[in-house]
Amino acid sequence: MTIASSDPKREVLFDVQNLEVGFQTGDGYKSVVSHFNLRLHKGETVAIVGESGSGKTVATRALLGLAGDNAVVKADVLRYRGQSLLSAKPRKLKALRGAQVGYVLQDALVSLDPLQPVRREIAEALHAHLDLDRRQTRQRIMELLTKVGVPQPEIRQDQYPGELSGGLRQRALIATALAQNPPVIIADEPTTALDVLVQGQVLQVLRGLIKGGTSLILISHDLSVVASVADVILVMKAGKVVESGSTEQVLGNPRHPYTQALIRAVPGPDTRGRRLSDAPSILDNLNATPSSSAATGEVLLQACDLRKSFKAPDGQLIHAIRNASLDLKKGEVLGIVGQSGSGKSTVARVLLGLTPLDGGSVRYQGIEWLKGSHHERRKVRGKIAMVYQDPYSSFDPRWTVARILSDVLSLYGGGKKAQQEDVIRLLTTVGLNAQHAGAYPINLSGGQRQRVAIARALAVNPEVLVLDEAVSALDVSIQAQILDLLVDLRAKYDLSIIFISHDLGVIHHIADRVLVMKDGVIVEEGRAEEIFASPRHPYTQELIAALPKLERASSFKRAA
């Protein structure tokens with residue numbers, strides 16, 4: 001497949017033709033990427049999109065000799081600025097990395113050393129290729145942090161990654177990649193799991209680099225983000241590029257069925273009331289999704305004047321929730337949005353009785369259950385179930401799926417045979433099957449693990465399901481399947497759902513009502529259509545304005 005370019009007259013930096021990457025394992029050779037072509041011109045942004053496991057990261061890491069010790073890399077052509085990298089020695093590839101190509105990894109918290117301050121991380125990247133004295137090093141660190149928009153760089157440079165917000169960590173990671181002022185940056189999911197405002201800040205940094213002439217290879221599953229910065233898009237599936245072309249061509253007139261499915265899966269205002277994926281519905285004799293209008297039933301859960309504070313290490317009092325009140329009706333989906341640190345997750349933990357309150361009350365069907373007896377609390381807690389953001393971290397990796405579910409089922413009696421039957425029933429309910437019962441978490445995909453997490457929550461027969469960023473780290477196609485599943489479960493069990501997310505597109509798609517939180521305060525609430533069409537609070541307006549939109553790809557990019 002020939003890769004299109006926005007301007008073929010510009011200098012070619014990376015020229016890759018028919019790249020194949022495989023791994024030699026104990027079971028033999030396994031091909032992961034094949035027939036991969038890429039041509040990156042100076043000043044150009046090429047985005048690579050596709051679901052998890054499609055080969056995006058493996059292909060780009062192979063360009064720099066980072067595919068792994070047991071990797072087998074072949075290609076008809078693999079050149080950087082005309083020089084072949086196929087038979088390049090490790091020393092040459094090491095010189096290429098950092099000086100010519102900067103690499104921004106996905107998870108800044110994991111990628112940065114938690115035991116050393118940011119300045120030392122950047123200094124290591126500087127000293128890998130440059131001979132700078134202490135004064136020059138410190139000056140360059142300040143320049144880099146300023147370039148990527150880190151406020152108060154003279155203070156931030158001495159802080160550790162754990163002391164920085166997600167956005168600041170990601171900008172520090174970008175600064176490290178820019179240490180040698182490379183002409184090319186490869187950014188692997190740089191905005192994944194970031195709230196919309198922080199995502200916007202990181203994207204603004206990337207746009208500034210692009211405007212300054214830096215070439216960018218962007219790996220992302222977020223098509224809205226891709227639309228806002230890319231000149232050319234490659235769509236990968238099962239290790240192959242199935243479609244490529246300009247951003248306008250690929251997103252405006254997709255030819256391949258897989259690309260069309262990816263675009264249909266992006267949630268937003270135009271997707272309310274329809275399925276996002278091609279996955280079959282779990283509902284018997286019900287092919288349509290239920291109405292997205294707000295429920296009018298009884299109030300199941302009511303929180304009044306919630307207050308919760310935490311003491312920071314320096315002794316300062318942090319007000320996580322301040323005078324927050326909300327109610328949840330039977331059969332309703334209530335969306336809670338806000339940037340990281342706004343208090344969303346603390347509200348969820350308070351509602352489940354996992355975090356004690358400083359003040360206020362939580363009532364379930366009129367009963368103030370948090371102040372009841374142990375028996376009353378246990379009885380009500382079974383009516384409210386939680387699905388966490390990262391199911392892998394919430395599972396015991398040594399347990400099979402069957403044991404994970406049986407551990408919950410055993411709390412409610414029933415013999416071993418009944419539990420086995422219930423395990424299969426739960427797996428079937430969430431779109432899995434009996435074969436998954438014997439699998440371990442590590443053997444499951446991200447989407448399958450999240451389905452198991454939902455099945456575990458359903459094991460207690462809850463009336464309320466609380467989901468805390470449950471789809472934020474999933475690629476768009478798997479996210480679509482989980483959102484469709486939740487809509488089906490809501491219809492089948494008449495569930496009430498509290499859906500916490502920083503993704504406004506997801507909230508717009510699934511929520512009936514929306515609460516907007518900022519600094520522990522609910523600053524606005526209302527029906528989803530009203531909040532998104534006519535936001536009243538300046539903070540809500542800022543959130544919605546920062547949301548990249550797929551339908552305005554070319555104008556969004558040029559306006560930035």
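Visitor: In S13, which residue is the bridge partner of Leu 301?
Guide: Welcome, and please keep in mind that this is a predicted model. Strand S12 covers residues 299–311 and pairs with S13 in the antiparallel sense over 9 bridges. In one of the pairings between these strands, the partner that S13 offers to Leu 301 is Leu 328.

Visitor: Which strands stand at the edges of that open sheet?
Guide: The open sheet has 4 strands with antiparallel pairing, in the order S13-S12-S15-S16. An edge strand has a single partner strand, so one side of it is left without a neighbour in the sheet. The strands placed like this are S13 (317–329) and S16 (367–368).

Visitor: Is Gly 372 buried, partly exposed or exposed?
Guide: Gly 372 sits in the loop between S16 and helix H13 (374–381). Buried means under 20% and exposed means over 50%. With a relative accessible area of 25%, Gly 372 is partly exposed.

Visitor: What distance separates the C-alpha atoms of Gly 372 and Gly 438?
Guide: Along the chain, these two glycines are 66 residues apart. In space, their C-alpha atoms are separated by 39 Å.

Visitor: Which helix gives the most residues to the largest nonpolar core?
Guide: This core has 113 residues, and the members that touch the most others are Ile 174, Ile 233, Ile 454, Leu 465, Phe 499 and Val 514. The helix that gives the most to it spans residues 476–493 and supplies 9 residues. That helix is H18.

Visitor: How many residues are in the other core that lies apart from it?
Guide: Among the members of this other core are Phe 14, Val 46, Leu 78 and Leu 234. The core lies apart from the largest one. Its residue count is 35.

Visitor: Lys 344 is buried, so which side chain of opposite charge is nearest?
Guide: Lys 344 is found in helix H12, residues 344–351. Its contacts beyond four places in sequence include Ile 336, Gln 339, Ile 500 and Met 517. A salt bridge needs a nitrogen and an oxygen within 4 Å. Lys 344 has no salt bridge, and at 4.3 Å the nearest side chain of opposite charge is Glu 469.

Visitor: Which backbone oxygen does the side chain of Lys 344 reach?
Guide: The side chain of Lys 344 gets to a backbone oxygen at 3.3 Å. That oxygen belongs to Gln 339.

Visitor: How many of the residues of H12 are buried?
Guide: Among the buried residues of H12 are Lys 344, Thr 346, Val 347 and Leu 351. The helix is mostly covered. Of its 8 residues, the number buried is 6.

Visitor: What is the relative accessible area of Lys 56?
Guide: Lys 56 is found in helix H1, residues 56–63. Leaving aside neighbours within four places in sequence, its contacts include Ile 48, Glu 189, Ile 219 and Met 236, and its side chain reaches the backbone oxygen of Glu 51 at 3.3 Å. Buried means under 20%. Lys 56 counts as buried because its relative accessible area is 8%.

Visitor: Which residue forms a salt bridge with Arg 79?
Guide: The structure holds 24 salt bridges. Arg 79 lies in strand S5 (residues 77–80), and its partner lies in strand S1 (residues 12–25), 64 residues apart. Arg 79 is partly exposed at 35% relative accessibility, whereas the partner is buried at 12%. With the closest N and O atoms 3.8 Å apart, that partner is Asp 15.

Visitor: Where does Asp 358, the salt-bridge partner of Lys 308, lie?
Guide: The side chains of Lys 308 and Asp 358 meet at 3.8 Å, N to O. Lys 308 is buried at 9% relative accessibility, while Asp 358 is partly exposed at 48%. Lys 308 belongs to strand S12, and 50 residues away Asp 358 lies in the loop between H12 and strand S15 (359–364).

Visitor: Is Arg 536, the partner of Glu 524, buried or exposed?
Guide: Glu 524 and Arg 536 form a salt bridge with their closest N and O atoms 3.7 Å apart. Glu 524 is buried at 3% relative accessibility. Exposed means over 50%. At 56% relative accessibility, Arg 536 counts as exposed.

How values were computed
Residues are numbered from 1 along each chain as its sequence is written. This is a predicted model: local features need pLDDT of at least 70, side-chain atom pairs count only at pLDDT 80 or more; totals for chains, interfaces and linings use all residues. Side-chain values use heavy atoms; hydrogens and water are left out. A nonpolar core is a set of buried Ala, Val, Leu, Ile, Met, Phe, Trp, Tyr and Cys residues joined through side-chain atoms within 4.5 Å. Buried means under 20% relative accessible area, exposed over 50%, partly exposed in between (1.4 Å probe, protein chains only). Helices (H or I, at least four residues) and strands (E, at least two) are DSSP runs, numbered from the N terminus. Lys and Arg count as positive and Asp and Glu as negative; His and the chain ends are not counted. A polar contact is a pair of N or O atoms within 3.5 Å; within protein, one must be able to donate a hydrogen and the other to accept it, and residues adjacent in sequence count only if both atoms are side-chain atoms. Contact means heavy atoms within 4.5 Å. Two strands pair if DSSP finds at least two bridges between them.
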